[in-house]
Structures are given as C-alpha cells and as structure tokens.
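Trainee: I should like to go through this model step by step.
Mentor: Please put your questions in turn, and each will be answered from the coordinates.

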Amino acid sequence: MSETLPLPASLSAPDDAERQLLFVNSHEAISYVHVYLKQHVEADAERNQALAILEGELGPAHESTLTTSNNVAACLYALDRAAEAAPIFDRARQRCEQQFGPEHAATLTLLSNQAGCLLVTGHPIDALPLL
C-alpha cells in the first residue's frame with residue numbers, strides 16, 4: 001500500500017501567474033521547433049501569442065516582454081522581413097531604455113538589432129545614431 005506524502009511548500013503547485021509564464025515559455029519553445037522545421041508562419045504565430053500574453057500579464061516594459069519582443073523581431077529579420085522587424089525593435093528599445101537606461105545590456109542589444117534592420121532596409125543614415 002502506498003501513501004501520498006505532502007509536497008514541501010517550495011514544491012507546491014504554481015499559482016495563476018506562474019502558470020501563465022509557463023504557458024508563455026511553452027509558446028516560445030514551440031516557436032523554436034517550428035523554426036527548426038522551417039515552419040516559419042507557425043513560429044511567427046507562437047511568438048506573437050507569447051508576446052501578447054506577456055504584454056497583457058506583465059506589461060510592455062517588463063524584461064520578459066522586452067526579451068520576447070526582441071525574439072519576435074529577430075525571427076522576422078531572419079525571415080527576410082526586416083521592414084516588419086524594425087518597428088518592433090524600435091518599440092522594444094525605447095521601452096527598454098526607459099525602464100533600464102541607455103547602458104543596460106538589453107538596451108544595447110536592441111540598439112544593435114534595430115540598427116542592423118535599418119541598414120538592411122536601406123536606411124543607413126537612421127542607423128548611424130544608434131551605433
């Protein structure tokens with residue numbers, strides 16, 4: 001006969017916010033599988049869904065939301081959709097700069113990514129101040 005032992009408090013079931021973040025992480029993970037399988041439309045949809053959830057739950061300036069914004073834009077950029085990626089990089093960079101400052105590593109990454117998009121889309125003059 002087996003007994004069910006109680007879980008320690010540190011291993012209790014996740015609350016609603018934790019469940020939501022686990023759900024978002026699964027969307028991000030699924031999107032990587034789609035990219036690997038060259039199912040880019042599906043990957044794009046998964047990342048956009050993850051981003052929408054994060055923006056609603058944590059707000060647009062939360063670090064997880066900004067990271068996912070960067071990932072969505074990077075996916076678009078990798079799919080030769082730099083014109084679509086550039087404004088996402090720009091919004092995320094502005095929010096990151098306001099939230100964490102101009103010297104934060106995430107801000108600098110977004111600056112570099114945004115500048116790359118501007119260069120690829122034929123806007124080198126706009127990219128120059130970002131570098």
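**Questions on the fold and its buried residues**

Trainee: What share of the residues of the chain counts as buried?
Mentor: Please keep in mind that this is a predicted model. A residue is called buried when its relative accessible area is under 20%. Of the 131 residues of the chain, the share that meets this description is 34%.

Trainee: Which pattern does the chain follow along the sequence?
Mentor: The chain contains six helices and zero strands. Read in order along the sequence, the pattern is therefore written with helix symbols, given the way helices and strands are assigned. That pattern is α-α-α-α-α-α.

Trainee: Is Ser-69 buried or exposed?
Mentor: Ser-69 belongs to helix 3, which covers residues 63-78. Leaving aside residues up to four places away in sequence, Ser-69 touches Leu-51, Ile-88 and Ala-92. Because its relative accessibility is 4%, and the cut-off is under 20%, Ser-69 is classed as buried.

Trainee: Which helices do the buried residues of helix 4 pack against?
Mentor: Helix 4 spans residues 82-100, and its buried residues include Ile-88, Phe-89, Ala-92 and Arg-93. Two of the names in that list, Ile-88 and Ala-92, are touched by Ser-69, a residue of helix 3. The buried residues of helix 4 pack against helix 3 and helix 5 (105-120).

Trainee: What distance does helix 4 reach from its first C-alpha to its last?
Mentor: Helix 4 has 19 residues, and the span expected at 1.5 Å a residue is 27 Å. The computed reach is close to that expectation, at 25 Å.

Trainee: Is Asp-80 buried or exposed?
Mentor: Asp-80 sits in the loop between helix 3 and helix 4. Its phi is near 60°, a positive value in a residue other than glycine. Since its relative accessibility is 74% and the cut-off is over 50%, Asp-80 counts as exposed.

Trainee: Which residue just after helix 4 takes a positive phi?
Mentor: Helix 4 comprises residues 82-100. The phi in question is about 100°, and the residue that takes it is Gly-101.

Trainee: How many disulfides does the structure hold?
Mentor: Cys-75 is buried, with a relative accessible area of 7%, and Cys-117 is buried as well, at 0%. A disulfide would require a pair of cysteine sulfur atoms within 2.5 Å. The number of disulfides in the structure is zero.

Terms used. Residues numbered from 1 in each chain as written. Predicted model: local features only at pLDDT ≥ 70, side-chain atom pairs only at ≥ 80, totals over all residues. Heavy atoms only, no water. Helix = DSSP H or I, 4+ residues; strand = E, 2+ residues; numbered from the N terminus. Buried < 20%, exposed > 50% of the residue type's maximum accessible area, 1.4 Å probe, protein only. Contact = heavy atoms within 4.5 Å. Expected span 1.5 Å × (residues − 1).
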